[in-house]
Amino acid sequence: MTSQTIKSRTQLLYRLLVTVSFALGLWGCASVPPVASNSDTPEHHQTPPANLPAGEGWWYARFHIDWPEGDDIRWYMGTLIGAEVIAPVFDEYYQDILIWRVHRRASRDGYGHVFSFIFYSTPQTAQRIYTAIESNTVVKSLLENGQLTKLSFDDVTRITRPNVEDTSDKNWTLPVQKAWPAMIMGASRMWLELVSESASRQGDSSGIETRYKKVQDDVTRIWRDQGQHAILHHLNGVYAYQPMLIRY
């Protein structure tokens with residue numbers, strides 16, 4: 001990493017942290033637009049690092065989950081991907097990622113059931129992360145048995161989301177758009193820690209799918225029983241216990 005890149009990242013992180021101090025808002029489901037055919041590459045192809053653009057931006061790794069008509073949403077699949085794929089990738093590349101989060105969605109709208117790992121880095125780091133995901137043995141197995149219908153990655157030869165706010169909900173005010181990624185990164189890290197800790201207690205004897213159904217149930221219970229105080233109450237405290245509108 002060049003000194004100019006380090007300086008740029010430091011300045012960006014400073015601006016992000018300053019903005020967080022003044023932002024007014026809590027998290028919502030950030031808009032994740034459908035994959036555009038001209039911006040996504042379902043099969044990843046290596047591009048020589050020298051041919052990649054300079055700078056940093058947002059990158060998506062999307063895991064498209066099989067969801068047969070009539071079946072329940074398979075939330076446990078995102079939990080499985082988080083522990084078996086995203087956790088090791090993050091452990092290896094966290095120093096090269098400024099901010100990141102996970103995102104889940106499931107709707108019978110043609111885009112379907114998708115788990116996304118979203119991160120802000122250089123194109124070179126994005127390419128390395130995409131390669132690590134593709135070579136992950138669990139990912140290969142899920143693709144082979146049809147539990148994942150496909151992977152889709154952004155085109156690393158173009159930086160299309162260079163600003164911190166570029167993946168935030170455009171209905172929010174600009175200060176919230178800029179500050180929100182820092183908050184959701186913390187929430188995503190907490191979720192990943194809970195998932196990993198629960199998975200370590202399950203053992204491997206029951207098979208990977210059954211194991212992560214149990215992990216999903218475990219984390220769901222934690223959210224149900226402790227989320228109100230551990231998360232909502234303390235976020236409310238950060239904002240001086242002022243009332244807010246809640247819509248579901």
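A residue counts as buried under 20% relative accessible area, as exposed over 50%, and as partly exposed in between. This tour applies those words to a predicted model, and the residue numbers start from 1 along each chain.

**First stop: the segment after α6**

Please select A240, which lies in the segment after α6 (208-238). Is this residue buried, partly exposed or exposed? With a relative accessible area of 46%, A240 is partly exposed, because that value falls between the cut-offs of 20% and 50%. Its backbone also deserves attention: phi is positive, at about 65 degrees, although A240 is not a glycine.

Move next to Y241, also placed in the segment after α6. Y241 has a phi near 55 degrees, again a positive value in a residue other than glycine. Here the relative accessible area is 51%, and Y241 is therefore exposed, since the cut-off for that word is over 50%.

**Second stop: strand β2 and its partners**

Select residues 57-65, which form strand β2. Nine of the nine residues of this strand are buried, so β2 is largely enclosed by the rest of the structure.

Which strands pair with β2? One is strand β4 (residues 112-121), which pairs with β2 in the antiparallel sense over nine bridges. To see one such bridge, display H64 together with its partner in β4, V114. Another is strand β5 (residues 148-154), joined to β2 by five bridges, also in the antiparallel sense. Within this pairing, F63 stands opposite L151 of β5.

**Third stop: R105**

Select R105 in strand β3 (residues 99-107). Its relative accessible area is 19%, so R105 is buried. Leaving aside residues up to four places away in sequence, R105 touches W75, Y111, G112, H113 and V114. V114 was met above as the bridge partner of H64.

**Fourth stop: helix α2 and two neighbouring helices**

Select helix α2 (residues 75-93) together with helix α4 (residues 137-144). Their axes are 9 Å apart and the packing angle is about 150 degrees; α2 and α4 are therefore roughly antiparallel to each other. On the side of α2 the contact is made by M77, L80, I81, E84 and V85, and on the side of α4 by V138, V139 and L142. These residues divide into seven nonpolar, no polar and one charged.

Now keep α2 and add α6. How do these two helices cross? Their axes come within 8 Å and cross at roughly 100 degrees, which makes α2 roughly perpendicular to α6. From α2, the contact involves W75, Y76, T79, L80, A83 and E84. From α6, the residues to display are I208, E209, R211, Y212, K213, V215 and Q216. This contact divides into seven nonpolar, two polar and four charged residues.

As a general point, an α-helix has 3.6 residues a turn, so residues three or four places apart point the same way.

**Last stop: helix α3**

Finally, select helix α3 (residues 123-135). At 1.5 Å a residue, its 13 residues should span 18 Å, and the end C-alpha atoms are 18 Å apart, which agrees. The buried residues of α3 are P123, T125, A126, Q127, I129, Y130, A132 and I133. What do these buried residues pack against? Their neighbours are β2, α2, β4, α4 and β5.

Notes:
Predicted model: local features only at pLDDT ≥ 70, side-chain atom pairs only at ≥ 80, totals over all residues. Heavy atoms only, no water. Buried < 20%, exposed > 50% of the residue type's maximum accessible area, 1.4 Å probe, protein only. Helix = DSSP H or I, 4+ residues; strand = E, 2+ residues; numbered from the N terminus. Pairing = 2+ DSSP bridges. Axes fitted to C-alpha atoms, helices over the stretch in contact; angles between N-to-C directions. Parallel < 35°, antiparallel > 145°, perpendicular 65-115°, else oblique. Contact = heavy atoms within 4.5 Å. Nonpolar A, V, L, I, M, F, W, Y, C, P; charged D, E, K, R; others polar. Expected span 1.5 Å × (residues − 1).
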